[in-house]
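Open your viewer, and let's take a walk through this model together. At each stop you get something to select and a note on what is there.

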Amino acid sequence: MAGLYLEEFQPGMVIRHALTKTVTESDNMLFSVMTLNPQPLHIDFDFASKSEWGRPLVNSLFTLGLMIGISVHDTTLGTTIGNLGMTDTTFPHPLFHGDTVRVETEVKSVRESKSKPDRGVVEFEHRAFNQNGVLVARCVRQAMMLKRPA
């Protein structure tokens with residue numbers, strides 16, 4: 001598996017993910033429709049043109065999912081048991097159609113499970129940037145990770 005095991009994570013470790021994605025109008029519309037989100041700032045070009053942004057904003061939950069998704073191959077692919085939570089999620093700058101997202105992940109903490117010897121918890125801080133290096137999303141995520149098989 002491409003993901004890392006608990007023992008391979010070290011606090012302070014920063015992973016700059018090679019995968020990037022240019023977000024399209026289709027991505028934003030499909031996600032908004034699939035999640036039944038009728039927010040006109042995401043799906044109504046006329047409405048959005050009269051907002052302070054002058055154009056549609058990418059749905060922030062799509063941005064969150066993309067940010068974490070980009071991180072999976074280098075961190076948790078096949079080695080995670082599940083997400084335990086996400087905290088401190090912020091979107092300091094909007095993401096727009098045509099923006100290209102890049103992501104970095106910092107390992108904040110690592111600890112073994114007290115009750116199950118085959119696993120532990122890793123706390124990640126994910127940060128997403130647009131093509132100009134502007135921070136568009138940040139999230140702290142706790143994941144239950146497998147230890148390397150004996």
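The tour starts with a helix, goes on to the cores and the aromatic rings, and ends with two backbone angles. Keep in mind that this is a predicted model.

**Stop 1: helix H4**

Select residues 60–75, which make up helix H4. H4 has 16 residues, and from its first C-alpha to its last it reaches 22 Å, close to the 22 Å expected at 1.5 Å a residue. Zoom in on the start of H4: there a side-chain oxygen of Asn59 comes to within 2.9 Å of the backbone nitrogen of Leu61. Now colour the helix by accessibility. The buried residues in H4 include Phe62, Leu66, Met67 and Ile70, and also the polar Thr63, Ser71 and Thr75.

**Stop 2: the largest nonpolar core**

Next, show the side chains of Val23, Leu66, Met67, Leu95, Val101, Val103 and Ala128. These are the residues with the most contacts inside the largest nonpolar core, which has 15 residues. Three elements give two or more residues to this core: helix H4, strand S4 (100–112) and strand S6 (135–146). Which of the elements gives the most to this core? It is H4, with six residues. In soluble globular proteins, nonpolar side chains tend to be buried together.

Centre the view on Val23 and list its neighbours. Leaving aside residues up to four places away in sequence, Val23 touches Val58, Phe62, Leu66, Leu95, Phe96, His97, Gly98, Asp99 and Val101. Then move to a second, separate core: this one has nine residues, among them Leu4, Ile15, Val107 and Ala143.

**Stop 3: aromatic rings**

How many aromatic pairs does the structure hold? There are three, and we visit two of them here.

Select Phe9 and Phe124. Their rings pair edge-to-face, with 5.4 Å centre to centre and 80° between the planes. Phe9 lies in the segment before strand S1 (14–16) and Phe124 in strand S5 (residues 119–129), so this pair ties together parts that are 115 residues apart in sequence. Buried or exposed? Phe9 has 2% relative accessibility, so it counts as buried, and Phe124 is buried too, at 0%.

Now switch to Phe31 and Phe62, another edge-to-face pair, at 5.6 Å centre to centre and with 65° between the planes. Phe31 is in helix H1 (residues 25–34) and Phe62 in helix H4, 31 residues apart, and the pair links these distant parts of the chain. Phe31 is partly exposed, with a relative accessible area of 22%, whereas Phe62 counts as buried at 13%.

Before leaving the rings, select Arg55 and Phe96. The charged end of Arg55 sits over the ring of Phe96, 3.6 Å from the ring centre. You have met Phe96 before, among the residues that Val23 touches.

**Stop 4: two positive phi angles**

Finish with the backbone. Select Leu36, in the loop between H1 and helix H2 (40–43). Although Leu36 is not a glycine, its phi is positive, at about 55°. Leu36 is exposed, with a relative accessible area of 74%.

The last selection is Asp88, in strand S3 (residues 80–90). Asp88 also is a residue other than glycine with a positive phi, near 50°. Asp88 has 49% relative accessibility and counts as partly exposed, because exposed means over 50%.

How values were computed:
Residues are numbered from 1 along each chain as its sequence is written. This is a predicted model: local features need pLDDT of at least 70, side-chain atom pairs count only at pLDDT 80 or more; totals for chains, interfaces and linings use all residues. Side-chain values use heavy atoms; hydrogens and water are left out. A nonpolar core is a set of buried Ala, Val, Leu, Ile, Met, Phe, Trp, Tyr and Cys residues joined through side-chain atoms within 4.5 Å. Buried means under 20% relative accessible area, exposed over 50%, partly exposed in between (1.4 Å probe, protein chains only). Helices (H or I, at least four residues) and strands (E, at least two) are DSSP runs, numbered from the N terminus. Contact means heavy atoms within 4.5 Å. Rings of Phe, Tyr and Trp (its six-membered ring) pair if their centres lie within 6.5 Å; planes under 30 degrees apart count as stacked, over 60 as edge-to-face and the rest as tilted. A charge sits over a ring if NZ of Lys or CZ of Arg is within 6 Å of the ring centre and within 35 degrees of the ring normal. The expected span of a helix is 1.5 Å times one less than its number of residues. A polar contact is a pair of N or O atoms within 3.5 Å; within protein, one must be able to donate a hydrogen and the other to accept it, and residues adjacent in sequence count only if both atoms are side-chain atoms.
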